[in-house]
Amino acid sequence: RDPNQLGKLIVALTVGEVTEPALDDSKDAAAVTLGAKGGKARAAKLTKRQRVEIAKLAARQRWKGNK
């Protein structure tokens with residue numbers, strides 16, 4: 001939502017014109033569980049040196065556009 005739509009929704013919720021929108025529960029619970037394990041499993045397999053290199057690369061990419 002853009003800021004105007006969000007503001008309108010907040011006002012409508014406050015004065016009781018609408019009820020809170022339903023959350024999207026379309027994600028498969030099993031896939032969510034496996035996805036949560038994936039990053040932890042990968043991190044466990046990496047050495048400290050590999051994790052540091054990945055973190056440095058990520059930091060460089062984040063700051064690349066902010067010069």
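**Close-up views of a three-helix chain**

**View 1. Ile 54 sits in helix H3.** This is a predicted model, and here we zoom in on a single side chain and its surroundings. Is Ile 54 buried or exposed? With a relative accessible area of 36%, Ile 54 falls in between and counts as partly exposed. Setting aside neighbours within four places in sequence, Ile 54 makes contact with Arg 42 and Leu 46. Arg 42 belongs to the stretch of residues 29-45 that forms helix H2.

**View 2. Helix H1 covers residues 3-15.** Let's start at the N-terminal end, where Asp 2 acts as the cap. One of its side-chain oxygens lies 2.9 Å from the backbone nitrogen of Asn 4. From first C-alpha to last, the 13 residues of H1 reach 19 Å, close to the 18 Å expected at 1.5 Å a residue. What follows H1? Next comes Gly 16, with a positive phi near 85°.

**View 3. Helix H2 runs through residues 29-45.** Its end C-alpha atoms are 25 Å apart, in agreement with the 24 Å that 17 residues should span at 1.5 Å a residue. How many of the residues of H2 are buried? The number is zero, so H2 lies largely in the open. Confidence in the chain is lowest in this helix, where the mean pLDDT is 81.

**View 4. Helix H3 takes up residues 48-64.** This is where confidence in the chain is highest, with a mean of 93. Ile 54, the residue featured in our opening view, lies in this helix.

**View 5. Stepping back, the whole chain reads α-α-α along the sequence.** Its secondary structure comprises three helices and zero strands. Of the 67 residues, 4% are buried. The chain exposes about 6,500 Å², and carbon and sulfur atoms supply 58% of that area. The average pLDDT is 84, with 88% of the residues scoring at least 70. A friendly reminder for any close-up: where pLDDT is low, predicted coordinates should not be read in detail.

Methods
Residues are numbered from 1 along each chain as its sequence is written. This is a predicted model: local features need pLDDT of at least 70, side-chain atom pairs count only at pLDDT 80 or more; totals for chains, interfaces and linings use all residues. Side-chain values use heavy atoms; hydrogens and water are left out. Helices (H or I, at least four residues) and strands (E, at least two) are DSSP runs, numbered from the N terminus. Buried means under 20% relative accessible area, exposed over 50%, partly exposed in between (1.4 Å probe, protein chains only). Accessible areas come from the Shrake-Rupley method with a 1.4 Å probe; for residues, only the protein chains shown count as cover. The expected span of a helix is 1.5 Å times one less than its number of residues. pLDDT is the predictor's confidence in each residue, from 0 to 100. A polar contact is a pair of N or O atoms within 3.5 Å; within protein, one must be able to donate a hydrogen and the other to accept it, and residues adjacent in sequence count only if both atoms are side-chain atoms. Contact means heavy atoms within 4.5 Å.
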